[in-house]
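Hi there,

Here is the structure I promised to pass on. Have a look at it first, and my notes follow below.

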Amino acid sequence: MTFPVKKFLSYYKPYRSIFLIVLFSALITSSLTLVFPLLVRYVTKDVLAGSLSTAFEDVLWVGGVMVVLVVAQNVGNYIVDYKGHEIGARMETDMRGELFAHLQKLSFRFYDKENTGRLMSRVTNDLLMVSELYHHGPEDYVKYLVRFLGAFVILFWINAPLTLTVFCFFPVLGFFSLYFNKKLNRALTDNKERIGDINAQVEDSLSGIRVVQSFANESLEIRKFNVENERFLESRKGTYRAEAYFYNGTEAFIQLITVTIVIFGSIQIVNASLDLADLITFLLYIGFMIEPIQRLTHMSTQFQEGVTGFQRFMEIMNIKPDIENAPDAKILSRVEGHILLKNLSFHYDSALGPVFKDLTLEVLPGEYVAIVGPSGVGKTTLSSLISRFYDVSEGGIFVDGENVKDLDLNSLRSNIGIVQQDVYLFSGTVMENIRYGQPEATDEEVMKAAKQANADEFITRLPQGYHSEIGQRGVRLSGGQKQRLSIARVFLKNPPILILDEATSALDNESESIVKESLELLARGRTTLVIAHRLSTIRNAGRIVVLSDGRIVEEGTHEALLEQNGQYSRLYSKQFEVQV
Ligand SMILES: Nc1ncnc2c1ncn2[C@@H]1O[C@H](COP(=O)(O)OP(=O)(O)OP(=O)(O)O)[C@@H](O)[C@H]1O
């Protein structure tokens, strides 16, 4: 992937003026630091060597200038540190907002393949690296370039032969830094991968802690974790080894350079081509030239991390949602609930073969239709297609005569309510979770929906009633209670089309009968598709549709289908035998 420079720079745009002020401050402060050794040189060489009667006055004058410089430097550094970081953080916030909004638009097909943990690291860690590059990148380059070039020019002006002698060290120091920089980068990348593995392990193990403990597999989890933990330790040892080589190596270079300056400088003093004040100035300036080279590693790591982070950000941003509104998408208003699946074919992946082949099904407004069939036949897939979570491969799906591909996605989905077996609740209160069905609903409307879903009674018995926290994914509630909250959510949404996807199959008999009662109330007056696992629950359906091998093979009422003595009858007796 070539680096999208234009796009990268575009994030500076809203903060252009303040960014230029920060860069200018970095330029000024680093130039001012160059003046200090010159002032020391002036005092040691000119003031103290001249008439001592005026020396005190001169030293005071120089001291005053130094204080002004300190104040000016501090103001500049304050702007660079505070405003510079703020710009970086603002750009990061903008990008994170964009990325999250984009992730909300990507379809089920994208999430079928992506790992949530990795996506989270893009939203958090990667962007942090980009923000560091946005802010520190330009500022560090300005700061260190000014110091390096400034020190070189001043030293050359003071004593060219000694400057060139010292300069011979720099190419060697540069190569040394680049070599260890590469090693250190590799070690840092490895560190990141290892910490990523640890995060994935912790996330997996803790989200499944109930399964872990129910299988009494804590020691197995600890062993698995310790393997990753040890690998991380090994990786960190590698980083520290590279760092130790690098930092001690550059330290040795600095000392060698100092020794060289002292020896060559002393020879020049003996030959009267250099004086003591200039030697002191040399020693003071040499750090200005060495520091940028020392920082090379950090800067290039920062650069690489930022660039990679931005590329990973763009990888996601460049994914076009495969389900989008058509340019002239229609808004569905006053939906009656007529559904037509016409000559429908669909596959998740062409390599896996089709789930449906030329399937046609019409559901009339207000009808109650049950879809049955063996496991894996495509019952859930059918409900995903009606809501256009996936696009059909051939044929079409029509709601009130309109092809779902021509409809505005929000208006289509807000007319369909889905109740699933696996209820997803968000951390927060009961009230917030029910209100998810209609964010503008009043407290009274939320409570009315809860009553319709037979949930009000258990909610009012909770310690804080509707304001009780339900825990992550609703862990503090029973299966039946979670299911009733999800039904209340759909009551509040009040859609004309309803899909019940095995909504009661995980519940015990008592919960099932309460939930069934609220589902029956919910279905009243709506077009309802029930995806049934247990055939006993759909005996009263107006029509039962039997799927097999990607097609509808039988249709009719429970009694009529039993009489036919076909697939349905076989499925039914199989379940009946199991239940007996
Ligand atoms: N996201 C997906 N990506 C790829 N294949 C999928 C996906 N979801 C389901 N499938 C496959 O599509 C087929 C139909 O799955 P679906 O979940 O619709 O069946 P189902 O009839 O609802 O099954 P069950 O009664 O066991 O819940 C299965 O073979 C399944 O493996």
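Let's start with the ligand: 13 residues surround it, and those that come nearest are Tyr-348, Ser-375, Lys-379, Thr-380 and Thr-381. Which helix gives the most to this shell? That is H11, residues 379-386, with 3 residues. Sorted by class, the shell around the ligand holds 7 polar residues, alongside 3 nonpolar and 3 charged ones.

Please keep in mind that this is a predicted model. For the protein, the mean pLDDT is 86, and 96% of the residues reach 70 or more. For the complex, the predictor gives an ipTM of 0.95 and a pTM of 0.78.

Next come the helix pairs. Two packed helices are described by the angle between their axes and by the distance between those axes.

Helix H9, residues 218-270, appears in two of the pairings below. One partner is helix H6 (residues 160-167), whose axis comes within 10 Å of the axis of H9 and crosses it at roughly 155 degrees. Because angles over 145 degrees count as roughly antiparallel, H6 is roughly antiparallel to H9. Their crossing is right-handed. On the H6 side the contact is made by Leu-162, Thr-165 and Val-166, which meet Ile-257, Thr-260, Ile-261, Phe-264, Gly-265 and Gln-268 of H9. The residues of this contact divide into 5 nonpolar and 4 polar, with no charged ones.

The other partner is helix H7, residues 169-207, which packs with H9 at an angle of about 165 degrees, their axes being 9 Å apart. That angle makes H7 roughly antiparallel to H9 as well. How do H7 and H9 cross, left-handed or right-handed? H7 passes H9 in a left-handed crossing. The contact of H7 with H9 includes charged residues: 10 of them, together with 17 nonpolar and 10 polar residues.

Finally, take a look at helix H14 (residues 443-452) and helix H16 (residues 479-493), which pack at an angle of about 125 degrees with their axes 8 Å apart. This angle makes H14 oblique to H16. H14 passes H16 in a right-handed crossing. From H14, Glu-445, Val-446, Ala-449, Ala-450 and Gln-452 take part, and they meet Ala-488, Phe-491 and Leu-492 in H16. By class, this contact has 6 nonpolar residues, 1 polar and 1 charged.

Enjoy exploring it!

Best wishes

Conventions:
Residues are numbered from 1 along each chain as its sequence is written. This is a predicted model: local features need pLDDT of at least 70, side-chain atom pairs count only at pLDDT 80 or more; totals for chains, interfaces and linings use all residues. A residue is near a molecule or strand if its C-beta atom, placed from the backbone, lies within 6 Å of it. Helices (H or I, at least four residues) and strands (E, at least two) are DSSP runs, numbered from the N terminus. Ala, Val, Leu, Ile, Met, Phe, Trp, Tyr, Cys and Pro count as nonpolar, Asp, Glu, Lys and Arg as charged, and the others, Gly among them, as polar. pLDDT is the predictor's confidence in each residue, from 0 to 100. Axes are lines fitted to C-alpha atoms, for helices over the stretch in contact, and angles run from 0 to 180 degrees between N-to-C directions. Angles under 35 degrees count as roughly parallel, over 145 as roughly antiparallel, 65 to 115 as roughly perpendicular and the rest as oblique. A crossing is left-handed if the near helix is turned anticlockwise from the far one by less than a right angle, and right-handed if clockwise. Two residues are in contact if their C-beta atoms, placed from the backbone, lie within 7 Å.
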